[in-house]
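Me: I would like to go through this model with you and ask how each label was earned. Could you set the values against the cut-offs as we go?

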Amino acid sequence: MMAWRNRNKPMTLAITLVMLVLMLFPFAIMITTMLRDGTEIYIRPPQWFPDRPTVANLVNVWSEYNLFTYFESSMIVAVGTTILNMLLAIPAAYAVARLRFPGRSFALYLFLAIQMFSPVIIVISLFRIFARSGLIDSYLSLILANTVFTMSFTVWMMTGYFRSIPIEIEEAARIDGCSRVQTITRIMLPVAAPGLVTAMIYAFIWAWNEFLFALSFIKAAEKMPLTLGIYRFVGRWSTQWEMLTAAAFLALIPVVVLFYIIERRLVQGLAGGAVKG
Amino acid sequence: MTRPSLLRRISAREAQLAYLLLTPAVAFLMVFMFFPILNVFQMSLYETNKIGRLIRFVWFENYINQMKNPEFWEIVLRSAFWTFTGVLVKTILGMVIALLLNVQYRGRKIVRMLFILPWASSVPISAMLWTWVLNHEFGLLNRTLHLIGVANPPIWLGRPISSFVSTMWVDIWIGVPFMALVFLAGMQSIGEDLYESGYMDGVNSWQKFAYITLPGIKHLVIIATLLSALWTFNDFNTIYIMTRGGPAGATDILITGVYKSAFEWLKWSQASVMAVVTFVILTVVAVLYARMYFRAEE
């Protein structure tokens, strides 16, 4: 790093500032819009700062737009997706990480490639399947569809973590009389906890931010998750942007916080062994 | 005689256990992924009615119809342009940000966190925020442009070319932080001694970048670019929320085309043909990505 230090520093900071403005612009607009009264939205010329700043929107949006229902739906779907992910992915990841069997490398390959497919490809036939089985307008439809696209990555991440646990620890437990299942629940999972948490948060965030499946499967307002709810109702007619930005702000807080927890491990998982923490 | 057969017995039991543990996950993927994909393939060979029922087996008629349809080719070309330009700009901006973050100064960690925000944010919500930012009459982007002397800022989402540029910019904006983080991680794993010997040889900044940094992260650049290509090609949310593919189809790419053909125009055969084309393209890139990934692992 030596050679990079202390060279052209003012220049670096100036470009950094310009890039930051570019990357943070919409968030700044979100804040300055949500802090103003509805009468200060459609004015000409538009003003950067509200005349009478207020946090009333952050409170009113809950009652005016059933924001609570959307939050509830998002929470149920995201938690459900996370749980289903763990149920399916933990055994699979253990098998791929620890056991030798024909087709093992193919399985790994498959799990890595699957996450790259597009939800749009299967949304057409999933819609038909769910329509036939009465799953339209159900949380279950979203949980199932979200799990298809998160599970391969959670398997993938946990495989890496299981592998990094020395096999001797496991063997010692086996010698002490633990069964295979006990070894997994008592030894592997606690030791692999950071990886487990990363995978869980990943599935949660993915489900929380999902839009296409909700758009296709959910028609009833009371079942809509946040992304769709904000799009459909807050954004309807002549948009009340002060309300939309307030809702957006509230919806973003949980996922942004969670994202910062897993960000480094996520990059590592996506870009592979070449990235060292 | 005993030893090999014992080993074989153990490995047979091990394999049995492995298949048992894999069964739930694989069965789930069979039902909700492979079956739907096969279903789409099947549908692409049939004539369908408005609710997506299969009416008549028509072989490759749907494909031939699409090949003859100039709009289809327009969408394919637009998807290619969208993906190529998007990834290119993401790579360049990501590289710039990574280089900026690779310099030591106080508060660098906070700056790094701020740069990540577009990736941490939810894509649908970001798209809605940008729609407001880009509002030509009341949005603050045009106001700002006006203040710095642009007399007639564009009606961003109201004209074909400017809405294509707008949606592409938002997609780029979302994708840049990932690139920057991967490149930065790569740059920080390059040994200091390389730079020091470069310093001895008196190389300038550009040479340092071209002969030390870039070769050092070449592998990561390829992996990140492939992954980014998949994400860019797949970005349904940004386009659908900001323009729904409009005005007049100016921002339609394959992925929005599939959705709109099915759910808005109820042309299910057409949608499934586009889905199959999309599937083939994605498979090729995904396999490339997986291969690069495993090669880097070794």
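**Labels and the values behind them**

Reply: Happily. Let us start with a pairing: B:T48 has B:L54, in β2(B), as its bridge partner. Please keep in mind that this is a predicted model.

Me: What makes β1 and β2 of chain B a strand pair?

Reply: Strand β1 (residues 46-48) and strand β2 (residues 54-57) of chain B are linked by three bridges, in the antiparallel sense. Pairing requires at least two bridges, so the two strands qualify. Together β1(B) and β2(B) make a hairpin with five residues between them, and in the turn B:G52 has a positive phi of about 85°.

Me: Why is B:P177 called buried?

Reply: B:P177 has 25 other C-beta atoms within 10 Å. The cut-off for buried is 20 or more, so B:P177 counts as buried. This proline sits in helix α7 (residues 160-188) of chain B. Beyond its neighbours within four places in sequence, B:P177 is in contact with B:F115, B:I116, B:P118 and B:W119. As for B:L99, it is 78 residues from B:P177 in sequence, and their C-alpha atoms are 13 Å apart.

Me: And why is A:N66 called partly exposed?

Reply: The count for A:N66 is 17 other C-beta atoms within 10 Å. Buried needs 20 or more and exposed needs 12 or fewer, so A:N66 falls in between and is partly exposed. A:N66 is in the loop between α2 (56-64) and α3 (67-98) of chain A. Its phi is positive, about 50°, although A:N66 is not a glycine.

Me: How do you know that A:D137 is partly exposed?

Reply: By the reasoning just used: A:D137 has 14 C-beta neighbours inside 10 Å, and a count between the limits of 12 and 20 means partly exposed. A:D137 lies in the loop between α5 (119-132) and α6 (139-164) of chain A. This residue other than glycine also has a positive phi, near 65°.

Me: What makes α5(B) a mostly covered helix?

Reply: In α5(B), 11 of its 11 residues are buried. Among them are B:V123, B:P124, B:W130 and B:W132. In helix α6 (residues 140-147) of chain B, the buried residues include B:L140, B:L141 and B:N142. What covers the buried residues of α6(B) includes α5 (123-133) of chain B and α1 (9-34) of chain A. After α6(B) comes B:G149, with a positive phi near 105°.

Me: What shows how the two chains touch?

Reply: The contact takes 90 residues from chain B and 82 residues from chain A. Helix α1 (residues 2-43) of chain B gives the most to chain B's side, with 18 residues. That side has 67 nonpolar, 17 polar and six charged residues.

Me: Which domains of chain A share the largest nonpolar core?

Reply: The core draws at least three residues from each of domain 1 (2-56) and domain 2 (65-271) of chain A. This largest core has 178 residues, and A:M158 and A:A248 have the most contacts inside it. Leaving aside neighbours within four places in sequence, the contacts of A:M158 include A:A89, A:I90, A:A192 and A:L196. The C-alpha centres of the two domains of chain A lie 32 Å apart. Their contact takes six residues from domain 1 and seven residues from domain 2. The residues on the domain 1 side divide into three nonpolar, two polar and one charged.

Me: What makes B:P247 worth a look for its peptide bond?

Reply: The bond joining B:G246 and B:P247 is a cis peptide bond, with omega about -10°. B:P247 is in the loop between α11 (236-242) and α12 (254-264) of chain B.

Me: How confident is the predictor about chain A?

Reply: The mean pLDDT of chain A is 88, and 94% of its residues reach 70 or more. Helix α4 (residues 104-114) has the lowest mean pLDDT among the elements of chain A, 83, and helix α10 (residues 212-217) the highest, 95. Over residues 1-5 of chain A the pLDDT is below 50, and this stretch has 13 contacts in the model beyond near neighbours in sequence.

Definitions and conventions: Residues are numbered from 1 along each chain as its sequence is written. Chains are lettered from A and ligands numbered from 1 in the order in which they are written. This is a predicted model: local features need pLDDT of at least 70, side-chain atom pairs count only at pLDDT 80 or more; totals for chains, interfaces and linings use all residues. A nonpolar core is a set of buried Ala, Val, Leu, Ile, Met, Phe, Trp, Tyr and Cys residues joined through C-beta atoms within 7 Å. Domain bounds come from an automatic or database domain assignment. Ala, Val, Leu, Ile, Met, Phe, Trp, Tyr, Cys and Pro count as nonpolar, Asp, Glu, Lys and Arg as charged, and the others, Gly among them, as polar. Helices (H or I, at least four residues) and strands (E, at least two) are DSSP runs, numbered from the N terminus. pLDDT is the predictor's confidence in each residue, from 0 to 100.
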